Amino acid sequence: MNDRSDFKTERKELLDRLWSFYDLKVLALAEKHGVLAALFAEPRTAASLAGACKITERGARTLLVCLTALGLVTREGDVFSVTQRARDHFDPGSPTSLLSSVEWAHTQFEALSRIDEALQRDVVVWDGFGHYIKGE
């Protein structure tokens, strides 16, 4: 075992980055289907949210569990509401909204899922990589 005092901190930071794709995917899907927007309008049950967002109730419950884990939604009985954290960072009307960052990061995430194709077939999987590659 490594005796460096910063080893545990480094390891936690790396693990947080390794698993952050879950959070990004949840946020991107919540935005795509208007889940947070529907909850900003009013607290809802999973069934009501499913109807408002035109998704399955099971899918709504799945996203609600994930959004609760992120601290963006709370549950009281069968009713889900957004937290102040969600209002501060994911309300489209907020000057501090991170929604454009979620969209941008998700675009990169989707391109990175095709990086093996770029490695093996010499194809461009996302034009945004170009400025990082010398000679392009």
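Relative accessible area sorts residues into three bins here: buried is under 20%, exposed is over 50%, and partly exposed sits in between (1.4 Å probe, protein chains only). By that yardstick K12 counts as exposed because its relative accessibility is 51%. The model is a predicted one, so to speak with care: local features need pLDDT of at least 70, side-chain atom pairs count only at pLDDT 80 or more, and totals for chains, interfaces and linings use all residues. Residues are numbered from 1 along each chain as its sequence is written, and side-chain values use heavy atoms, with hydrogens and water left out.

K12 makes a handy start for the charged pairs. A salt bridge is a side-chain nitrogen of Lys or Arg within 4 Å of a carboxyl oxygen of Asp or Glu, and the count by this rule is seven. One of them joins the side chains of K12 and D16, at 2.7 Å from N to O. Both residues belong to helix α1 (residues 7-32), where they are four residues apart, about one turn of the helix; helices are DSSP runs of H or I with at least four residues, strands are runs of E with at least two, and both are numbered from the N terminus. D16, with 43% relative accessibility, counts as partly exposed.

Helix α4 (residues 57-69) has a pair with the spacing of about one helical turn too: R61 and E57 are four residues apart. Their side chains meet in a salt bridge of 3.0 Å, N to O. R61 is partly exposed at 41% relative accessibility, and E57 is partly exposed at 35%.

Then there is helix α7 (residues 115-121), in which E117 and R121 are four residues apart, again about one helical turn. R114, E117 and R121 are joined into one network by salt bridges that share partners. The E117 to R121 bridge comes in at 2.8 Å, N to O. R121 is exposed, with a relative accessible area of 54%, while E117 is partly exposed at 24%.

On to the strands. Two strands pair if DSSP finds at least two bridges between them; β1 (residues 73-76) and β2 (residues 79-82) do so in the antiparallel sense, over four bridges. T74 has S81 in β2 as its bridge partner. The two strands form a hairpin with two residues between them, and G77 in the turn has a positive phi of about 70 degrees.

As for the interior, a nonpolar core is a set of buried Ala, Val, Leu, Ile, Met, Phe, Trp, Tyr and Cys residues joined through side-chain atoms within 4.5 Å. The largest one holds 28 residues, of which V35, L39, L49, L67, L72 and V73 touch the most other members. At least two residues of this core come from each of α1, α2 (35-41), α3 (46-53), α4, β2, α5 (84-90) and α6 (99-112). Setting aside neighbours within four places in sequence, L67 is in contact (heavy atoms within 4.5 Å) with V26, L27, A30, V35, L36, L72 and V73.

What lines the largest cavity? The lining is made of L27, A30, E31, L36, F90, L99 and V102. A cavity is a set of points, on a 1 Å grid over the protein atoms alone, where a 1.4 Å probe fits but cannot get out, and lining residues have an atom within 4 Å of a point. The largest share of the lining, three residues, comes from α1. About 30 Å³ of space lies inside, a volume being the space filled by probe spheres set on the points.

How values were computed. 1 Å grid on protein atoms, 1.4 Å probe; cavity = no way out; pocket = protein on both sides within 12 Å on 5 of 7 lines; lining within 4 Å.
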